[in-house]
Amino acid sequence: MKRRNFIYLTGVGAAAAMMPSIPVWGNEISPEAALEYVDPAVKKLIADVALNAAKSKGATYTDVRIGRYLNQFVVTREDKVQNIVNTESYGVGIRVIANGSWGFAATDKMDNDSIAKAAALAVSIAKENSRLLTEPVQLAPQKGYGEVSWKAPIEKNAFEVPVKEKVDLLLSVNDAAMKGGADYVNSILFLVNEQKYFASTDGSYIDQDIHRIWPTFFLTKINKETGKFETRNALSAPTGMGYEYLDAKPQHKIKTAAGTLYKGRYDMLEDAKQAASQVGDKLKAKTVEPGKYDLVLDPSHLWLTIHESTGHPTELDRVLGYEANFAGTSFLTLDKWESKKFNYGNKLVNIKADKTQVGSLGAVGYDDEGVKCGEWDVVKDGVLVNYQAIRDQAHILGLTASQGCCYADNWSSVQFQRMANISLQPGKEKLSVDDMIKNVEKGIYIIGDGSFSIDQQRYNFQFGGQLFYEIKEGKIVGMLKDVAYQANTQEFWNSCGAICDANDYRLGGSFFDGKGQPSQSSAVSHGSSTTRFNGVNVINTARKI
Amino acid sequence: MTILNKEEAKALLEKVLSYSKADECEINLSGGDGGNIRYARNSVSTSGGVSQSSLVVSSAFGKKLGVATINEFDEESLKKVVKRSEELAQLAPENPEFMSFLGPQTYGPDTPTFSEVTASLTPKERADAVAQSLKVSKDNNLNAAGFLEDSKGYTAMMNSKGLFAYNKSTSVAFNVTMRTNDGKGSGYATRGYNDFSKLDTKKDTTVAAKKASMSATAKAIEPGKYTVILEPTAVAVMLENIFFAMDARQADEGRSFMSKAGGKTKIGEQMMDAKVNIYSDPYNTELPTGTWSGDGRPQEKINWIEKGAVKNLYSSRYWAQKTGIKAIPQPDGAIMQGGTKTLEQLIKETEKGILVTRLWYIRQVDPQTLLLTGLTRDGTFYIENGEIKFPVKNFRFNESPIIMLNNLEDMGISERTVSAESNVNYLLPPLKVRDFTFTSLSDAV
C-alpha cells in the first residue's frame with residue numbers, strides 16, 4: 001500500500017512502477033516547521049518518563065526512540081507543479097525486554113500519561129509473548145555513551161532552500177527534456193531529514209540529525225505511428241547529502257562513449273538533456289540477440305546487483321530464518337562461513353560493509369540500538385568472512401559486540417537488523433572504463449538500474465537497466481534494447497573479469513529497501529567501480545500483447 | 001485511542017470548518033490502533049502496538065492549494081492547522097489541474113467493514129492465535145515463521161461544498177511459512193479478513209505444513225512453456241499489475257499497456273480470453289470495502305474487464321473532465337468471476353502441467369506489454385494424468401498477465417486472498433493457463 005501511496009502522490013504511474021519504492025509516510029506540515037528542532041533536553045525528559053515507566057512494570061531492558069521524520073516532495077510534470085508536500089511524523093517508540101521476550105509499543109501522543117501507557121503496553125505484550133519463546137533474548141553487551149550527538153556532515157540543508165528554487169530547477173529540467181524531444185517528463189525532488197533521539201537503560205542518550213536527498217526524473221518518448229514507447233530514468237543516486245549534491249563541478253563528471261556519468265554530485269539539467277536524446281536512440285535501438293555476453297556494468301547499475309545478491313544474503317537475520325515468512329532466507333548458511341573457504345566470488349572480489357562512509361545513505365554515528373558504527377569485511381579475496389548483525393544476534397557469530405546494523409524506519413516501527421552500506425572494493429591495478437571495454441570481444445555495457453528480481457534465498461536473479469550499448473571487438477557499436485540478464489549469484493561473482501580502479505568508484509543506492517513485517521523501508525548505498533563479468537546469460541524481453 | 005463515531009466525527013469536522021477563511025476548504029480525519037506479532041524459528045520474535053491519528057486540512061484560494069496536518073484536536077491546535085494551510089495556499093504556485101472540491105454526494109448503505117471482535121482484540125488473544133500456529137509446527141516437526149496483524153480505525157471527511165463522508169473498519173492479516181528442518185521443503189498460507197473470528201490459524205498453518213512436507217524432495221525439470229494451475233495467492237500478484245496500470249490518463253497519453261498506434265487506446269477491444277470478467281464491488285459480502293474514495297467520490301460496482309475486453313479505466317477528476325469520461329476512482333479491491341470447480345478438480349482434469357502455489361518478487365520488465373518477472377516459491381509440483389506426481393524446483397518466469405489471461409483454459413471457485421506484494425485483498429479463482437513461460441531454474445527453497 002505504501003508503494004501505491006507513493007505512486008499516487010507523485011502521479012507518475014507506470015514510470016514509478018519501475019522504482020524500488022516503499023516510502024516512509026507522515027503528516028503534512030509547512031516548510032518552516034521542518035526547520036524547527038526539538039531540544040535534546042526535552043527529549044531526555046520524555047525518554048526518562050518511558051524508561052522509568054517500563055522499569056516499574058517489570059522490564060529488564062528498555063530503549064526509547066523519539067523520532068521526528070521529515071519529508072519534502074516537490075513533484076512536477078512538463079510545465080506544471082503537481083504537488084509540493086511537507087510531511088512530519090513525530091512520536092515515540094518504546095522497546096522492552098520482559099520475561100526474556102521483546103515487547104514494543106509506540107504513540108504519537110507526547111504527554112507523560114500516554115508515554116507511560118505505551119511503556120506499560122510494551123511490557124504487557126512482552127510478558128504475554130514470553131510463553132511463546134524457545135529461548136530468552138540474549139543481548140550483546142553495550143556500554144552507555146552518556147549524552148552524545150552526531151550530525152550528517154552536509155554543506156547545505158536542503159530544507160532551508162526555498163521551495164521556489166526547487167520548483168524552478170525541476171521545471172527547467174522538464175523544459176530541457178521536452179525541447180530535446182521527450183513527449184512526457186515527470187521530475188521529483190525527494191528530501192528526508194531524520195531527527196532521532198535514542199535512550200536506553202544502558203545509559204546512552206544519543207541525538208542524531210540525518211539528511212538524504214534524491215532528485216530524479218522519468219522521461220518518455222512515443223513513436224506515434226507504431227504506438228511503441230521507451231523511457232529513460234535519471235542517472236542520479238539518492239545520497240546522504242544536503243542540497244550540495246545538485247551542485248556538480250567538472251570533477252564530478254565522467255565523460256564516456258555513452259555520455260556523461262556522475263560521481264558524488266549530479267547535474268540534473270545536463271542529464272535531462274542527454275536523456276531526451278538517448279530515449280530517442282532507445283526507440284530506434286536494435287533488439288538484443290539472446291545469448292552469452294561479457295557485461296561491463298557501470299556503478300549506476302551495479303549497485304542494485306550488489307544490493308540484491310550480496311547485501312541481502314549476508315544479512316544475518318535472513319541466514320537464521322527470521323525473514324523466512326517474508327523477505328526469505330539466504331544461501332549463505334552458517335556452515336559456509338564456518339568453513340572459511342566458501343568462494344562467494346573469485347579472488348578479485350572484495351566486499352566491505354560500512355555504516356560510516358561520508359555521503360552514503362547508511363552513514364550514522366550510532367545505530368538504532370545505541371551501538372557506535374564502523375566498517376568490516378564481508379567477502380575477502382572472494383571468500384565469505386562475515387555477515388551483518390545486531391545485538392541479539394552477535395553471540396551466534398561469537399562476536400562480543402554488535403556490528404551496529406539496527407534500524408527502524410519510524411518511531412512507530414520496531415528496530416531490527418537492516419543492511420549496512422555494502423560495497424565492492426575497487427580494483428588494485430590501474431584500469432579505466434575505456435581500457436576495460438577495449439578488451440571485450442562480445443559484450444554489453446549497461447548503465448542505470450531497471451527491473452530487478454531475485455529469489456528468496458538469493459541464488460537466481462534477473463536485472464534490466466536504463467541504457468545498453470553493444471560492444472564488439474573492443475568498441476561500442478550502438479545501442480541495444482529489450483535486454484535483461486539472468487544469473488546465479490555465486491557463478492556471477494566468480495565470473496568477475498576485471499574491476500576498474502578507485503578513480504572510477506561511485507555510490508548508487510535506494511531509499512526504499514523493503515524488509516520486515518509490517519514492512520519497513522531503509523535507505524542504503526552501494527559503492528563500486530565499473531566491473532566486467534564474463535559470459536553472462538542475456539535474454540530478450542520483447543513481447544506482443 | 002477512541003474510534004470517533006459518525007456524529008462525533010461530524011461535530012469535530014464542523015468545528016474545524018468554521019475556522020476556515022479560504023475560498024474552499026476540505027478536511028480529512030482519521031485515527032486508529034494496530035497490533036501485531038511476528039514469529040520465526042518456532043518462537044516469537046518482535047511484536048508491537050501503535051496508535052495514531054491525524055487531521056488534514058486542505059485550503060484553496062483559486063487554483064492555489066495548501067495542506068497542513070495535526071494530530072492534536074484541542075481548539076487552539078485546530079485553529080492553528082487551518083491558518084497554516086491557508087498560509088501555505090497563499091505561497092503555493094497555481095496548479096492548472098486543480099479541481100474544485102466535490103459537493104454533497106450520495107453514498108450507498110454502510111458496508112460491513114467493521115468487526116467488534118477485531119476491534120476488541122487483546123494481546124492475549126493475538127498470542128493465543130499464534131500459539132495454535134506454533135503447535136501445528138512443533139507437532140509436525142517443522143519450522144514456522146509467521147505474522148499476525150490487526151487494526152481498527154475510522155476515516156471521515158467534510159468540505160465547504162457540503163460533502164460529508166464517514167467509515168470505520170477493521171482488518172486482520174495472517175500469513176505463515178512452514179519449512180522442513182533440513183531446509184528442503186517450504187509451504188505458505190495467507191489470509192485476510194475484516195472479522196478476526198473468521199481466522200483459523202490452525203487450519204491455515206496445517207495447509208502450509210502439508211505443502212512444506214510435500215515439496216521436500218523437489219526434482220529439477222527443464223524451464224520452458226508449461227500448462228500451469230495457479231492458486232489464488234499466485235493469481236493475485238500477477239493480476240494486480242493489470243489493476244495498477246488501468247489509469248485512463250496513462251492510456252490516453254500513449255504510455256500504458258492500453259495504448260496503441262495513432263494515439264488511440266484498446267478500450268472495448270478483446271485482449272484476453274472471453275471467460276475473463278473482472279469487477280469491483282464495495283457491497284460484496286466476502287470482500288466489503290469503503291463506499292467512498294479519498295477525495296469523496298462514491299465507490300460503486302464497476303465492471304473493469306468484460307468478456308476479455310477492458311471496459312473502464314480509473315481516472316483523476318481533472319482528466320475525466322478534460323476527456324469527457326466518467327471520473328471513476330481506483331477501487332479498494334478487485335474480484336474475478338470464477339468457475340464452479342475446486343482446485344482438486346482442476347488438477348484432476350490436467351494431463352500434464354505444473355501447480356504453482358505462490359509467486360514472489362514480481363517486477364515489471366516492460367510497461368508496454370506488462371511483461372513481469374518473478375519466481376515460484378513455497379511449493380511447486382508436477383502434475384501428470386490428473387495427479388500431483390512430484391515436487392519440482394522453483395522457476396523464474398517472464399510472462400505478461402495479459403498474455404496469461406489470453407491463454408486461460410479454465411478456472412475454479414473464487415476465494416478471498418491477499419497479495420503478498422501489496423497486501424491488497426482480492427476475490428480470485430485458481431486459474432489454469434497454457435504456455436506459461438518459465439525462463440530459468442532457481443536453487444532456492
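This passage describes the nonpolar core, a helix pair and the chain interface of a predicted model. Local features require pLDDT of at least 70 and side-chain atom pairs count only at pLDDT 80 or more, whereas totals for chains, interfaces and linings use all residues. Residues are numbered from 1 along each chain as its sequence is written, and chains are lettered from A in the order in which they are written.

The largest nonpolar core (buried Ala, Val, Leu, Ile, Met, Phe, Trp, Tyr and Cys residues joined through C-beta atoms within 7 Å; buried denotes 20 or more other C-beta atoms within 10 Å of the residue's own, with C-beta atoms placed from the backbone) comprises 283 residues. Those touching the most other members include Ala50(A), Ile94(A) and Ala119(A). Strand β6 of chain A (residues 184–200; strands are DSSP E runs of at least two residues) gives the most to this core, with ten residues. Beyond four places in sequence, the contacts of Ile94(A) (C-beta atoms within 7 Å) include Ala50(A), Ala54(A), Ala119(A) and Ala122(A).

Helices α3 (residues 40–57) and α4 (residues 112–129) of chain A (DSSP H or I runs of at least four residues) pack with axes 8 Å apart at an angle of about 40°. The two helices are therefore oblique to each other, a class that excludes angles under 35, over 145 and from 65 to 115 degrees. Participants in their contact include Ala50(A) and Ala54(A) of α3(A), and Ala119(A) and Ala122(A) of α4(A).

The contact between the chains takes 68 residues from chain A and 89 residues from chain B. On the chain A side, strand β4 (residues 101–107) provides the largest share, seven residues.

Notes:
A residue is buried if 20 or more other C-beta atoms lie within 10 Å of its own, exposed if 12 or fewer, and partly exposed in between; C-beta atoms are placed from the backbone. Two residues are in contact if their C-beta atoms, placed from the backbone, lie within 7 Å. Axes are lines fitted to C-alpha atoms, for helices over the stretch in contact, and angles run from 0 to 180 degrees between N-to-C directions.
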